[in-house]
Amino acid sequence: MATSRLNGAQPSIPRLRDIETGAAAHPRTALPTVATVVTVVAALYFGREVFLPIAIALLLTFALAPVVSALKRTGVPRLAAVIFSVLGAFAALALFSFIVATQVGELAQNVSLYQANVLTKVRSLKETGGGGGIIARLTGAIERIGQEINKQEPSQPAASQPQREPVPVEIVSRERPLEILQNLITPLISPLASAGLIIVVVIFMLLEREDLRDRFIRLVGYGDLHRTTEALQDAGRRLGRYLLMQLVGNILYAVPISIGLWVLGIPNALLWGLLALALRFVPYIGPVIGALLPLSLALAVAPGWSLVLWTAALFVIMEMITGNVIEPWLYGSRTGLSPLAVIVAAIFWTWLWGPLGLVLSTPLTVCLVVLGRHVTQFEFLDVLFGNEPVLEPHARLYQRLLAGDPEEATDHAEEILEEQYLIEFYDKVALSALLLGEQDRVRGVMNDHQLRQLAASAQTLVANLDDIAQEEAEDDFAAGDENGSEKEKTIDAEAGHDIDLPDGTGLAVLCAGGRGELDDAAAAMLGQVLLIQGAATSKASFAELQPASIRRLELDGLNTVVIGFLNRNSLKHARFMVRRIKRFNPAIRVGVVFWGGNGEDRGEPDGKLGNDINADFVALDMVNAVTGALSRDPPVGLKTAAKRRVRGRPRARKKDTLVSAK
């Protein structure tokens with residue numbers, strides 16, 4: 001007999017009562033009030049002169065904290081380590097700025113040399129359009145519009161006043177040397193003051209890092225030190241790694257760009273490489289700006305168009321390699337932000353704090369997401385901007401089935417089936433989704449149309465997964481050929497013992513729904529799993545098991561009939577069906593599955609429940625349902641009324657009862 005082994009215990013399915021109380025286990029995320037949001041945004045906007053330097057200093061503190069810790073481990077005193085790290089970082093920024101300024105000055109001196117090439121390309125564009133080409137027509141239309149706008153109505157000159165020629169007036173400005181020096185220094189005071197303030201704040205934040213952490217814990221999470229400490233560590237680790245990996249990725253992008261531009265003959269290749277490195281810190285538009293500048297220079301350097309095309313190809317190739325190979329390798333999913341969140345954050349912080357806000361948008365949003373992930377009051381931030389699924393897999397599947405979108409539900413199922421077997425998906429996800437639907441039906445919040453749509457979508461989902469079921473069946477068959485008569489299926493379950501699923505070759509099983517369309521969908525899932533195990537399966541709807549139709553049910557040639565219920569309150573209905581089927585064909589095994597149970601079944605022996613309803617087996621999950629359906633034990637005989645009365649006190653006949661009453 002071939003067997004399949006499930007490595008692990010029976011997967012747990014949320015029971016109907018557990019699902020009904022799911023709201024208590026997962027409370028609804030509290031959203032801030034409109035007044036709170038407006039107040040915070042207004043404070044950040046009007047106080048940007050104060051908050052912006054603090055935000056920059058905070059991010060630099062996160063970036064330099066690992067360097068300070070490494071220096072302290074080597075024996076360097078704390079003060080010396082902080083000063084060395086801060087001065088080293090700002091010295092690197094100053095050197096970067098000096099090289100860029102030098103390269104820009106050199107480029108400005110050579111701009112006049114490229115004027116002839118630009119004029120040549122403009123003339124070639126005009127010649128391409130021809131005398132009556134589109135370029136000429138557009139140019140003429142623009143000139144005529146401009147002349148019409150600038151044309152003024154002629155005024156009637158007075159007859160007695162002779163016309164006089166205007167006298168040209170020249171204004172000569174004589175500035176003193178002190179004023180010239182003041183005009184040069186004044187624009188630099190504000191940036192230099194901000195830079196000095198940031199340096200001082202970074203130094204004090206690094207020196208008082210532990211004290212600041214303790215104060216933050218006291219304000220935000222003193223009641224839960226473990227969670228708050230974990231949040232701070234996660235934020236520091238995630239943000240520090242993000243900044244470091246972004247710097248490494250930008251360097252790996254800028255170095256080939258500089259070398260490629262130098263090989264192509266673009267002047268000041270070092271300048272464009274440094275600008276590409278810096279501008280990639282700006283989300284989305286930074287790389288575009290970094291490519292447009294050397295493209296414009298390539299347009300002016302050479303008279304032809306080949307240099308422009310080669311330069312564009314260099315940037316496109318490097319962007320594809322960086323975006324698809326280098327950044328996924330460096331970042332992975334460690335930032336914790338969804339792609340849409342990055343775009344929205346870039347728009348919001350740019351509106352709030354200008355260009356610097358655009359540069360800081362991603363790191364600041366990472367901090368907010370980490371805060372929302374660990375602090376309950378800010379959970380909405382993680383829901384809005386995080387990249388983790390906010391719905392559990394069975395809830396996501398139920399939403400798609402309820403919306404009548406089985407194709408998207410199939411995509412969701414295939415993602416899960418890349419790591420799980422079909423029996424695991426049905427057991428942990430699909431049946432739990434149907435239990436949610438049964439809960440809504442019992443509560444009366446689902447109308448008939450929605451119920452039929454949900455059931456039809458679930459049936460379509462099962463049909464769409466036929467190919468995967470066929471592949472699993474073929475894999476099991478191949479494994480059986482390699483291992484003799486045994487085929488093994490390894491499934492990682494939460495517990496640590498193995499479960500054997502019997503081979504169904506030579507067995508015929510009928511899977512039937514108990515009381516509704518959703519029960520039919522669950523029966524279809526069970527039938528597909530039994531088919532993988534080699535059994536010949538057939539399906540019957542709940543309507544075919546109604547008292548008026550059950551007589552017409554084809555039972556010849558069957559070994560087992562399995563009836564499934566999503567509602568545990570169907571115990572009497574299950575007893576009736578089991579007895580009717582056993583009366584029609586006593587040689588058939590009849591099993592009942594109460595998918596998920598209802599919480600009262602915890603610890604209740606399946607044998608006792610099966611004995612109460614006269615079933616050969618009772619199961620509460622997919623694994624036990626498959627095991628019972630493929631069992632080769634002889635069927636349980638139908639109990640008579642006398643046998644049932646032996647277990648309890650004999651019932652008095654109606655006549656005796658009436659006599660006693662008299």
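**Exercise 1. Find the residue in strand 7 that is the bridge partner of valine 592, then place the pair in its sheet.**

Step 1. In strand 7, valine 618 is the bridge partner of valine 592. Before going on, a word on the model: it is predicted, so local features need pLDDT of at least 70 and side-chain atom pairs count only at pLDDT 80 or more, while totals for chains, interfaces and linings use all residues. Residues are numbered from 1 along each chain as its sequence is written, and side-chain values use heavy atoms, with hydrogens and water left out. Strands (E, at least two residues) and helices (H or I, at least four) are DSSP runs numbered from the N terminus.

Step 2. Look at the two strands: strand 6 (residues 589-594) and strand 7 pair in the parallel sense over 3 bridges. Pairing here asks for at least two DSSP bridges between two strands.

Step 3. Now zoom out to the open sheet, whose 5 strands run in the order 4-3-5-6-7 with parallel pairing. Strand 4 (536-540) and strand 7 (617-619) are at the edges with a single partner strand each, so one side of each has no neighbour in the sheet. From one strand to the next, the twist averages 20°.

**Exercise 2. Work out which strands helix 22 and helix 23 touch.**

Step 1. Helix 22 (residues 517-532) packs on the sheet and touches strand 3 (508-513), strand 4 and strand 5 (560-565). Contact means heavy atoms within 4.5 Å.

Step 2. Helix 23 (residues 571-584) also packs on the sheet, touching strand 5 and strand 6.

Step 3. Add the directions: helix 22 makes about 160° with strand 3, and helix 23 about 165° with strand 6. Axes are lines fitted to C-alpha atoms, for helices over the stretch in contact, and angles run from 0 to 180 degrees between N-to-C directions.

**Exercise 3. Describe the salt bridges of arginine 280, lysine 428 and aspartate 440.**

Step 1. Start with the total: the whole structure holds 6 salt bridges, each a side-chain nitrogen of Lys or Arg within 4 Å of a carboxyl oxygen of Asp or Glu.

Step 2. Arginine 280 pairs with glutamate 319, with 2.9 Å between the closest N and O atoms. Arginine 280 sits in the loop between helix 11 (269-279) and helix 12 (285-301), and glutamate 319 in helix 13 (residues 306-331), so the pair ties together parts 39 residues apart in sequence. Arginine 280 is buried at 9% relative accessibility, whereas glutamate 319 is partly exposed at 29% (buried is under 20%, exposed over 50%, partly exposed in between, with a 1.4 Å probe and protein chains only).

Step 3. Lysine 428 meets glutamate 424 at 3.8 Å, N to O. Both lie in helix 19 (residues 422-443), 4 residues apart, about one turn of the helix. Lysine 428 is partly exposed at 24%, and glutamate 424 is buried at 4%.

Step 4. Aspartate 440 and arginine 443 have their closest N and O atoms 2.7 Å apart. This pair is also in helix 19, 3 residues apart, about one turn. Aspartate 440 counts as buried at 13% relative accessibility.
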